[in-house]
Amino acid sequence: MEILVASAVGILTAAGLYLVMRLRTFPVILGVSLLTYAVNVFLFASGRLTIGAPPILTDAETYADPLPQALVLTAIVISFGMTAVVVMISLGSYLGSNDDGVNDPLLDKDEDLS
C-alpha cells in the first residue's frame, strides 16, 4: 500500500513539474493542479495509512490521525480557489493579447539580439 501511494505521489509530481515547465498557460495551470494533488496525497499519507480504523483517538489499538485529514481538506479548498483565480487571470491575459504564451526572459533576449 505504501509503495503504491509513494509511486502515485512521484508520478503526480513528475507530471506536474513537466507541465509547469511548458510555455503555455493551460499546461502550467494543469501542472500546478497536479502538484497540489501530489502534496495533498503526501499530507494524507503522512497520517499513517490504516484501513478500517476510526479517525478519532479512542482506546482502540489502531486509529487514523485526524490532523492530516483536516489539513488535506483545507488544502483542497485553498487549491480550488487559487486554481479558479489563476484560470481567470490567464483567461484575461489571453483575451487581452490573443496569445496564451508564458514569457521567458531568456528567449526574449535571444530574439532581441537577432
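Colleague: What makes residues of α2 buried, and which ones are they?
Modeller: They are Thr-25, Pro-27, Ile-29, Gly-31, Ser-33, Ala-38 and Asn-40, and they are called buried because each has under 20% relative accessible area (over 50% is exposed, in between partly exposed; 1.4 Å probe, protein chains only). This is a predicted model, in which local features need pLDDT of at least 70, side-chain atom pairs count only at pLDDT 80 or more, and totals for chains, interfaces and linings use all residues. Residues are numbered from 1 along each chain as its sequence is written, and side-chain values use heavy atoms, without hydrogens and water.

Colleague: What do the buried residues of α2 pack against?
Modeller: They pack against α1 (2-20) and α3, where contact means heavy atoms within 4.5 Å.

Colleague: How do you know how the span of helix α2 compares with the expected one?
Modeller: Helix α2, a DSSP run of H or I with at least four residues, covers residues 25-45, and its 21 residues reach 30 Å from the first C-alpha to the last. The expected span is 1.5 Å times one less than the number of residues, so the span of α2 is close to the 30 Å expected.

Colleague: Why is Leu-91 called partly exposed?
Modeller: Leu-91, which lies in helix α3 (residues 66-97), has 38% relative accessibility, and therefore counts as partly exposed.

Colleague: How do you know how much of the protein is buried, and how many helices and strands there are?
Modeller: Buried residues make up 15% of the 114 residues in the protein, whose secondary structure comes to four helices and zero strands, running α-α-α-α from the N terminus on.

Conventions
Helix = DSSP H or I, 4+ residues; strand = E, 2+ residues; numbered from the N terminus.
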